[in-house]
Amino acid sequence: MARLSFCTGPIPTEWSAGLARRTINLPGVNFGVNTLSQDGALAFGYFQSGQGQGVAEVDLGTGRMSVVATMPGSASGISWMSFSDPWLVWAQGDSQYNLGQWSIHLWNRQTRQVIQLATSQLSDGSYLTGQLVFPIVGHGYVAWSQPASRQSLDLRLYMVGSGKSLTLDSGRLSSPVFAGRNLVWAKFLNGTSQPSFRMVDADTLKPVTVPKVIASPQPIVYLAGSANYLLWTQDNSDMEVLRLGTDNVTIYSGTDVKHPFQFPVLADHFVVWFAADTNTVMDLDTGKAFDVPLPGSVYANDKELVVAKISPPKAAGFATTLSVLPLTNEMSISSCSG
Amino acid sequence: MRVRGRRIAISRGSQRLLAFLALQERPVSRVHVAGVLWPELPDERAAANLRSALWRLRRSGAHLVDAVYYCGPATVSESTYTEGVPVDQPTAGSYMGTNSTDGTSASSMTSGMQHFVGYPVYGWYWYVWVGVPYYPSSNDLSTFLQNLQTDIYSGMPVASDAYEVAGGPHLNGHPTDQTIFHYVETAGWWNYNGEDLVYYADSATTLWSSVPPYSWLDAWTFVVILGGRGYIW
């Protein structure tokens, strides 16, 4: 098991120059980038403007923004989003006073139809306070962990073709991710506080043997997956990454209170996350990272990194500048300050 | 161990950790705790044991929050377990008039902290509301830290009223693109390498929670998050 120490430094010069080369201005709106199309042509995310708030799509070629759906003023915004052409799924916060009150919505880019798949409300009318959801879409379905009771979550799948739903697992579950060919989630072994991984083939939904090297994981909080990696955070201060198809696990540690490991998104050999007071981009090969200051958001996939800088929070007026940087396998983050 | 009348089983490692922390008068670093509890182990291994003990403690149910109520009653209830007469969330929520549309107002929250924490401990009116401007200044930060330290040294928790906005700083585990109004119990302060940090308890933890029950946060960031709302000390 390899270990890398996390550290931050300045953004590499070539990255900064690349971001400055391709920018898109969105006057009159604050836009947070929450996901990208696989080909990097489109950005999707949460928007606020003088007219209200909702979900929008931005064509990164033309710079044109179009509204996907609006949400009421009482909604808090978006907690997670996922896109697999032509489907966009998002978790909408329905209360500004309760993180655990949300709904999941699915939009078809071809038909422009939006449907609501689920809410977090339990059968007795209450909510699991603080229970966030991170829905994903791909392989013909939407998958998420649905509160079923005060003691249990269901791993639900909604088949986008037939409209049918099924429950794949129940218990104390994490949100699922796609990693390689598999759908992966974490689960507490019954009656214990020992977590374990569960995997099924993402297409057939047949169980897959969990690699021995991750058979007894340390605590698991967040999961992230990509074509080549499975990532999980132990708590805010440690992160582990398995290179799929190998027994290579790397532990990243040494983060500080300003860089809690949370909301990770894998992009090629990088990971991007919102660290409460900054956005951070880290190279998985080196453990070195740079920050993208707030206000704004950052998202990346294997094709590109998109930075959204918005007008100051709690201020009158809205404006966003998007910067787009193509990612390649040769790029790296190789130095830290200090 | 009993928490709010319920028997909770916790691991041996977590028991040692709890006992050690209960005896500390000041916030202590992870490095120090790990070194004291596992002196025979290399630093990395001791740190791993500490992480595991903390995580098992959190997941043991010791800090599971009644799922019915919102953060206002949860924060008051948590505060009464720090100091005051322990009260459950339904009782606190009923007293403060918490509702699903508007949560708990600042005045109701102040009244709740006073009724369940301030008055039972001191017999007089301890808590007041302090508003923080939308754009806090360094003076606002200094005042907050002074007030926080005063309460900590008196053994009294502070209730902080966060106003998180999309694209701005958030409490740990809270998503970036959401506007969230949230109360947290603030009960620690530490100057680490010249930087002021604030320790708070977030009640929004549950079955598979990505919100940590306890966090350290940069003090300036914390005050920015309070901007437009305030705190009760």
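Trainee: Hi! Before we look at helices, what do "axes" and "angles" refer to here?

Mentor: Axes are lines fitted to C-alpha atoms, for helices over the stretch in contact, and angles run from 0 to 180 degrees between N-to-C directions. Keep in mind that this is a predicted model.

Trainee: Got it. So at what angle do H5 and H6 of chain B pack?

Mentor: Helix H5 (residues 89–96) and helix H6 (residues 106–122) of chain B pack at about 125°, and their axes are 9 Å apart.

Trainee: Why is that pair called oblique?

Mentor: Angles over 145 degrees count as roughly antiparallel and 65 to 115 as roughly perpendicular, with the rest oblique once the roughly parallel ones under 35 are set aside. The angle is about 125°, and H5(B) and H6(B) are therefore oblique to each other. Their crossing is right-handed.

Trainee: Which residues meet there?

Mentor: From H5(B) you have B:Thr91, B:Ala92, B:Tyr95 and B:Met96. Their partners in H6(B) include B:Ser108, B:Gly112, B:His115 and B:Phe116. By type, the residues of this contact divide into 5 nonpolar, 5 polar and no charged.

Trainee: New topic: is H8 of chain B mostly covered or uncovered?

Mentor: Mostly covered: 6 of the 8 residues in helix H8 (residues 219–226) of chain B are buried. Among them are B:Phe222, B:Val223, B:Ile225 and B:Leu226.

Trainee: And what do those buried residues pack against?

Mentor: The buried residues of H8(B) pack against several elements of chain B, including helix H7 (138–153), strand S4 (158–164) and strand S5 (180–192).

Trainee: What goes on at the start of H8(B)?

Mentor: There, a side-chain oxygen of B:Asp218 comes to within 3.2 Å of the backbone nitrogen of B:Trp220. Just after H8(B), B:Gly228 has a positive phi of about 95°.

Trainee: Over to chain A. Which residues have a positive phi without being glycine?

Mentor: Two to look at are A:His139, with a phi of about 55°, and A:Ala276, with a phi of about 70°. Most residues other than glycine have a negative phi.

Trainee: Are those two buried or exposed?

Mentor: A:His139 is partly exposed, with a relative accessible area of 38%, and A:Ala276 is buried, at 0% relative accessibility. A:His139 sits in the loop between strands S12 (136–138) and S13 (141–147) of chain A. A:Ala276 is in the loop between strands S24 (270–274) and S25 (278–283) of chain A.

Trainee: Last one: where are there cis peptide bonds in chain A?

Mentor: One joins A:Asp85 and A:Pro86, with omega about 5°. Another runs from A:Leu294 to A:Pro295, with omega near 5°.

Technical notes: Residues are numbered from 1 along each chain as its sequence is written. Chains are lettered from A and ligands numbered from 1 in the order in which they are written. This is a predicted model: local features need pLDDT of at least 70, side-chain atom pairs count only at pLDDT 80 or more; totals for chains, interfaces and linings use all residues. Side-chain values use heavy atoms; hydrogens and water are left out. Helices (H or I, at least four residues) and strands (E, at least two) are DSSP runs, numbered from the N terminus. A crossing is left-handed if the near helix is turned anticlockwise from the far one by less than a right angle, and right-handed if clockwise. Contact means heavy atoms within 4.5 Å. Ala, Val, Leu, Ile, Met, Phe, Trp, Tyr, Cys and Pro count as nonpolar, Asp, Glu, Lys and Arg as charged, and the others, Gly among them, as polar. Buried means under 20% relative accessible area, exposed over 50%, partly exposed in between (1.4 Å probe, protein chains only). A polar contact is a pair of N or O atoms within 3.5 Å; within protein, one must be able to donate a hydrogen and the other to accept it, and residues adjacent in sequence count only if both atoms are side-chain atoms.
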